[in-house]
Amino acid sequence: MHGEYKVPGGKLVVVDLDVEEGVLRRVRVAGDFFLEPDEAILAIDRALEGAPADTGAAGLAARIDQALPPGTEMYGLTTEGIGVAVRRALAHATDWTDYDWQLVHEPPQAPALHMALDEVLTAEVAAGRRPPTLRVWEWGAPAVVIGSFQSLRNEVDREAAERHGIEVVRRISGGGAMFIEPGNTITYSLSVPDALVQGLSFTDSYAYLDDWVLGALGDMGIKAWYRPLNDIATDAGKIAGAAQKRVVRGEGAVLHHVTMAYDIDADKMTDVLRIGREKLSDKGTKSARKRVDPLRRQTGLPREAVIDRMIASFRGRYGLTEGRITEEELALAKELAETKFATPEWTARVP
């Protein structure tokens, strides 16, 4: 069995092992990390040898922690990361490079249709009718996108939204509200097979699926990191928020979508969104305007150039071919937008 895991912000961990009579055998840990002293790698292998195959990642990390020589130093590696790599090997997890990735980047769409496209395309990946897909959104209208479980009246000032011509839609994933203006926002979705995140906890899957964009930002001179559970942050502030939805039909798939602030009208955002003091204090700031730091200021690049560089970074890592939404997928999405995402019943399902 073979498992790989790139430690968020760190290096690749590779584990090869067998399972005999319910325990791990012939465990070998490798990777491009740094580890001192040399004999620590042998201590790691010995610690995992004989471990029950149903041991969780935390339990495996604890075995390694107890076995490491005094003064061991790890660079780009954590014992938790080794445990995750083991769990991925046991779960027969796949890797990014096992797939032929497709890019979908089409003209602007209405907010409700974007919500429907996420559901349709991810279901198609789960059914095996569509390859794993990176979809870059273009917005046809300003919007507030609220999480699946948020209260509409608690999150949005409907009168202010109407005054500013902002449509309110509800997505299928959890998380918080997103303030969207065309030209000021970068949004993308990953629709991936469930096998890609096998062996990862829910929290770990966020960091794993966000790691490529951290690299893309780094290439643009932005030092960014993943902040649990679902934020991408820099020293200057939060720049993006992620959300996920699991699809259990067919072979299973995961929708992971991210909204990034390229620029932002802070006055309009705070007029439309009811951002309470408790939420602001939880983020360690007193002003909503300080919570999001736009990419425009940090990169100095046009929005289109930022998107092009993100796509190029993904293609360089994993390969990416040009694709499109099929006529059948678009028809399904339009019907779903009309019957679900554009209806008051769905938008106000949590009043």
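Is Arg26 buried, exposed or partly exposed, and what is its relative accessible area? I put that at the top of the page, then noted that the model is a predicted one.

**Entry 1: Arg26 and His92**

Arg26 turns out to be partly exposed, with a relative accessible area of 43%. I counted that as partly exposed because the value falls between the 20% limit for buried and the 50% limit for exposed. I found Arg26 in strand 3, which covers residues 23–31. I looked Arg26 up for its backbone: phi is positive, about 50°, although the residue is not a glycine. Most residues other than glycine have a negative phi.

His92 went on the page for its phi too, which is near 55°, a positive value in a residue other than glycine. I located His92 in the loop between helix 3 (79–90) and strand 6 (102–105). His92 is exposed, with a relative accessible area of 56%.

**Entry 2: cis peptide bonds**

Next I looked at peptide bonds, and most of these are trans. Glu36 and Pro37 are joined by a cis one, with omega at about -5°. Pro37 sits in the loop that runs between strand 4 (34–36) and helix 1 (40–48).

I noted another cis bond between Pro228 and Leu229, where omega is about 0°. Leu229 is also in a loop, the one between strand 12 (225–227) and strand 13 (231–234).

**Entry 3: aromatic pairs**

I then went through the rings, and the count of aromatic pairs is 13. One of them is Phe202 with Tyr206, an edge-to-face pair with 5.2 Å from centre to centre and 75° between the planes. Why do I call this edge-to-face? The angle of 75° is over the 60 degrees that the term asks for, so the label fits.

Both residues belong to helix 7 (residues 202–219), and because they are four residues apart there, about one helical turn separates them. Their exposure I wrote down separately: Phe202 is partly exposed at a relative accessible area of 41%, whereas Tyr206 is buried at 5%.

I put Phe314 and Tyr318 right after that. Their ring centres are 5.2 Å apart and their planes stand at 80°, so this pair is edge-to-face. I found both in helix 11 (residues 303–318), four residues apart, about one turn of the helix. Phe314 and Tyr318 are both buried.

Phe314 and Tyr318 came up again when I followed the ring pairs further. They belong to a cluster that ring pairs link together, along with Tyr5, Trp96, Tyr99, Trp101, Tyr188, Tyr208 and Trp212.

**Entry 4: charges over rings**

Tyr208, a member of that cluster, has a charge over its ring. The charged end of Arg88 sits there, 4.8 Å from the ring centre. I wrote down Lys340 as well, whose charged end sits over the ring of Trp346, 4.5 Å from the centre.

**Entry 5: Asp211**

Back in helix 7, I stopped at Asp211. Is Asp211 buried or exposed? Asp211 is buried, with a relative accessible area of 7%. Which residues does Asp211 contact, leaving aside neighbours within four places in sequence? I listed Lys6, Pro8, Gly9 and Arg317.

**Entry 6: helices that pack**

I looked at helix 1 first here. Helix 1 and helix 2 (residues 57–67) have axes 9 Å apart and pack at an angle of about 135°. That makes helix 1 oblique to helix 2. The crossing is right-handed. On the helix 1 side I listed Ala43, Ile44, Ala47 and Leu48, which meet Leu60, Arg63, Ile64 and Ala67 of helix 2.

Then I turned to helix 4 (residues 111–127) and helix 12 (residues 327–341), whose axes come within 8 Å and cross at roughly 125°. Helix 4 is therefore oblique to helix 12. This crossing is right-handed. From helix 4 the contact includes Ala112, Leu113, Met115 and Glu124, and from helix 12 it includes Glu329, Leu330, Lys340 and Phe341. I recognised Lys340 from the entry on charges, where its charged end sits over the ring of Trp346.

Notes:
Residues are numbered from 1 along each chain as its sequence is written. This is a predicted model: local features need pLDDT of at least 70, side-chain atom pairs count only at pLDDT 80 or more; totals for chains, interfaces and linings use all residues. Side-chain values use heavy atoms; hydrogens and water are left out. Rings of Phe, Tyr and Trp (its six-membered ring) pair if their centres lie within 6.5 Å; planes under 30 degrees apart count as stacked, over 60 as edge-to-face and the rest as tilted. Helices (H or I, at least four residues) and strands (E, at least two) are DSSP runs, numbered from the N terminus. Buried means under 20% relative accessible area, exposed over 50%, partly exposed in between (1.4 Å probe, protein chains only). A charge sits over a ring if NZ of Lys or CZ of Arg is within 6 Å of the ring centre and within 35 degrees of the ring normal. Axes are lines fitted to C-alpha atoms, for helices over the stretch in contact, and angles run from 0 to 180 degrees between N-to-C directions. Angles under 35 degrees count as roughly parallel, over 145 as roughly antiparallel, 65 to 115 as roughly perpendicular and the rest as oblique. A crossing is left-handed if the near helix is turned anticlockwise from the far one by less than a right angle, and right-handed if clockwise. Contact means heavy atoms within 4.5 Å.
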